[in-house]
Each structure stands twice: as structure tokens, then as C-alpha cells.
Amino acid sequence: MSARTFIIPAADPFSFDECLWFLDRGFDECMHTILPARVRKLVPLPGNPVLVDLRAHPEGIMAELLEGEVNPGTEAALRAYIHEWLAPQQDILPFYDKLARIPAMAYMPEAFRGLRLIGIPDLFEALAWSIIGQQINLPFAYRLKRRMVERWGESFDFGGTAYHLFPAPSVMAQADPAELRAMQFTGRKAEYIIGVAQQFAEGHVSKAALLALPGLEARRKALTDLRGIGIWSANYALMKSLRDATCIPHGDAGLLNALLSHQLISSKSDQAAMEKLYRKFKGWESYMVAYLWRSLAVKS
């Protein structure tokens with residue numbers, strides 16, 4: 001095995017195929033590319049980005065660096081990024097024990113065996129994505145994201161294909177709202193994204209600063225203090241970027257539909273039933289949400 005290829009061990013059960021399926025749900029995703037049995041991504045590492053292919057390996061995940069400088073810190077940084085993105089070493093058996101106790105969800109450990117909560121390591125990306133997706137359908141949200149990424153994000157050409165990084169806050173902080181509006185962003189969304197980017201660029205918000213806060217409530221307040229970030233967006237970013245296992249994006253349409261389809265609630269306003277269910281998944285609420293989201297689609 002060369003210096004440009006290494007193995008990332010995974011805790012059993014782990015399914016790269018389930019994770020790959022989640023990353024390839026038929027939307028116009030611009031942040032990674034699905035190829036036969038693997039995913040290719042331009043990963044932002046300190047110094048310079050690297051282009052990497054990830055594929056299944058008997059021990060977990062095989063990572064192959066296609067382009068980018070290899071130095072003593074590259075592998076360690078890339079391993080850390082993949083752990084934040086795909087969480088291959090997280091022990092999910094305690095979560096499966098909880099699923100098994102809920103008759104309507106007891107099929108999930110087998111049906112979705114090895115699926116991890118897929119993260120968004122870049123906090124600014126997670127927040128911007130939550131703003132983009134507000135009150136529109138997912139296909140349109142992905143189209144808007146692509147327009148923004150291709151206009152303001154860095155890109156790298158490999159084999160005639162462009163691979164993209166999400167725009168840096170310092171770049172989006174200087175964006176012209178009129179350009180975003182011309183891309184079909186609403187005026188409010190343009191203002192929100194640029195405003196959040198300015199907060200990052202000026203050092204008022206960062207992932208490190210958020211992690212330094214004493215707990216979930218303080219972190220959530222720091223995010224909801226940002227214009228355009230409500231409770232749903234804050235919880236979404238905390239579960240996807242900080243991997244806070246206790247966050248629930250309350251009011252999420254997909255979550256409510258999954259709860260209804262499993263007859264876990266009698267209506268979308270059945271708060272008592274929701275709270276009762278959530279208590280049974282204490283410490284694993286975000287994984288409960290991820291698996292309910294997964295249940296909405298049939299794997300082809």
C-alpha cells in the first residue's frame with residue numbers, strides 16, 4: 001500500500017454502502033461525486049485541499065489521495081475529517097438496543113445496518129445549507145447550492161471534471177446580494193447567508209468557539225442569535241457539524257412524516273407522543289432522526 005492510500009478502521013457494524021446510498025440520493029450534489037462503489041471529494045485540509053476517493057474495505061474505509069501534497073500531517077488531518085464526516089468508528093450498538101425496544105422501529109438495525117449519521121464538518125456550510133433549504137423543496141435547494149458554490153467556491157480540475165470546496169466565509173462576506181438574487185435566492189436568504197458569513201469572517205462565530213461553550217443550550221443560543229438561524233437551523237447544524245447526538249430538528253417535515261408513517265404519533269401536533277419517544281432515545285436523538293429520515297426512502 002502506497003503513502004497515498006490508507007485504511008480507516010470502522011466499528012462493527014459499519015456499512016459503507018449505506019453511507020454511500022445516503023450520499024447518492026439523486027439530488028444535484030456539488031460537494032462530492034459518486035462513482036461506481038466509491039465517493040470522490042475535494043477535502044479542505046489546513047494548507048491545501050486534497051482530492052480523495054473513498055471506498056469500502058473489509059476493515060472499514062480505504063482512502064486514496066488522488067491529488068494534493070502528501071506530508072506528515074496530511075493523513076492525520078484527512079482521517080480526522082472523515083471521522084467528522086462519516087463517523088466510521090462510532091459504536092452504534094447502544095443505539096440499536098434502543099431501536100429494538102420500539103416495535104415500530106425494531107426492523108431498522110437490520111434494514112439500515114451500519115448506517116452512520118452523515119455529517120457536514122464545515123459549520124459555515126451547515127448553517128448556509130440550512131438557510132438555503134428553508135421553505136423550498138430539496139431539488140431546488142441543491143440547485144441553489146450549486147450556483148453559489150460554482151460562483152464563489154474554490155475548484156480543482158481532475159481528469160476534466162471540476163471538484164468544489166464550499167465558499168469560505170471571508171469570500172461570501174463580500175458577495176453582492178444582487179448576484180444571489182439573480183440566482184433565485186430570495187432577498188432574505190441572500191442577506192442571511194452574507195450576514196452569517198460576515199460573523200464568521202469577523203471572528204464572532206467559529207466551530208472552535210462553539211465547542212468551547214459550556215453545553216448545548218449555550219451553543220444553540222449562540223447560533224440562534226445569528227440573523228436567519230432559528231431553532232431548526234441551529235439544531236440541524238449542531239447535529240451535522242458538531243455531531244451533537246442530542247439534537248432534534250423539531251418541526252422538520254421529513255421527521256414528522258416518518259413518525260406518522262410508523263404510527264408513532266397520531267398527528268403532526270402530537271407533542272406528548274413525540275416527547276415520550278424522544279426520551280427513550282436519550283443521548284441518541286440525532287441518530288433516531290437520521291434513521292427515521294432514512295426510512296422515508298426505499299433503497300434501490
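# Reading a predicted fold

Analyst: Start with the rings. Ring pairs link Phe95, Tyr96, Tyr107, Phe112, Phe281, Trp284, Tyr287 and Tyr291 into a cluster. This is a predicted model, where local features need pLDDT of at least 70, side-chain atom pairs count only at pLDDT 80 or more, and totals for chains, interfaces and linings use all residues. Residues are numbered from 1 along each chain as its sequence is written, and side-chain values use heavy atoms, with hydrogens and water left out.

User: What counts as a ring pair?

Analyst: Take rings of Phe, Tyr and Trp (its six-membered ring); they pair if their centres lie within 6.5 Å. Planes under 30 degrees apart are stacked, over 60 edge-to-face, and the rest tilted. The structure holds 16 aromatic pairs. One of them joins Phe112 and Tyr291, edge-to-face, at 6.0 Å centre to centre with 65° between the planes.

User: Why does the pair of Phe112 and Tyr291 tie parts together?

Analyst: First, the naming. Helices (H or I, at least four residues) and strands (E, at least two) are DSSP runs, numbered from the N terminus. Phe112 sits in the loop between helix H4 (108–111) and H5, while Tyr291 sits in helix H15 (residues 285–295), so the pair ties together parts 179 residues apart in sequence.

User: Are these two rings buried or exposed?

Analyst: Buried means under 20% relative accessible area, exposed over 50%, and partly exposed in between (1.4 Å probe, protein chains only). Phe112 has 6%, so Phe112 is buried. Tyr291 has 0% and is buried too. Now take another pair. Phe124 and Phe200 are edge-to-face, 5.5 Å centre to centre, with 65° between the planes. Phe124 belongs to helix H5 and Phe200 to helix H9 (residues 187–201), 76 residues apart. Both Phe124 and Phe200 are buried.

User: How do I read the surroundings of one residue, such as Met172? Which residues does Met172 touch?

Analyst: Look for contacts, meaning heavy atoms within 4.5 Å. Leave out residues up to four places away in sequence; Met172 then touches Phe124, Met148, Trp152, Pro167, Leu180, Ile193, Ile194 and Ala197. Met172 lies in helix H7 (residues 169–172). Its relative accessible area is 0%, so Met172 is buried.

User: And a charged side chain? What does Lys207 reach?

Analyst: Here we look for polar contacts. Each is a pair of N or O atoms within 3.5 Å; within protein, one must be able to donate a hydrogen and the other to accept it, and residues adjacent in sequence count only if both atoms are side-chain atoms. The side chain of Lys207 reaches the backbone oxygen of Ser241 at 3.1 Å. A polar contact of 2.4 Å also joins the side chains of Lys207 and Glu84. Lys207 is in helix H10 (residues 207–212). Its relative accessibility is 19%, so Lys207 counts as buried.

User: How do I find the sides of a helix? Which residues of H11 are buried?

Analyst: An α-helix has 3.6 residues a turn, so residues three or four places apart point the same way. In helix H11 (residues 216–224), Arg219, Arg220 and Leu223 are buried. They cover an arc of only 100° around the axis, so they lie on the same side of H11. That arc is taken from the directions from the helix axis to the C-beta atoms. The face turned away from the buried side carries the exposed residues Glu217 and Lys221. What do the buried residues of H11 pack against? They pack against helix H5 (123–132), H10 and helix H12 (231–240).

User: How do I read a sheet? What is the strand order?

Analyst: Two strands pair if DSSP finds at least two bridges between them. In this model, an open sheet of five strands has the order E1-E5-E4-E3-E2, with antiparallel pairing. E1 and strand E2 (33–35) stand at the edges with a single partner strand each, so one side of each has no neighbour in the sheet. The twist averages 30° from one strand to the next. Strand E4 (residues 50–57) and strand E5 (residues 60–67) pair over seven bridges. Leu54 has Ala63 in E5 as its bridge partner.

User: Which helices lie across the strands?

Analyst: For angles, axes are lines fitted to C-alpha atoms, for helices over the stretch in contact, and angles run from 0 to 180 degrees between N-to-C directions. H1 lies across E2, strand E3 (38–43), E4 and E5, at about 65° to E3. Helix H2 (residues 74–86) lies across E1, E3, E4 and E5, at about 40° to E1.
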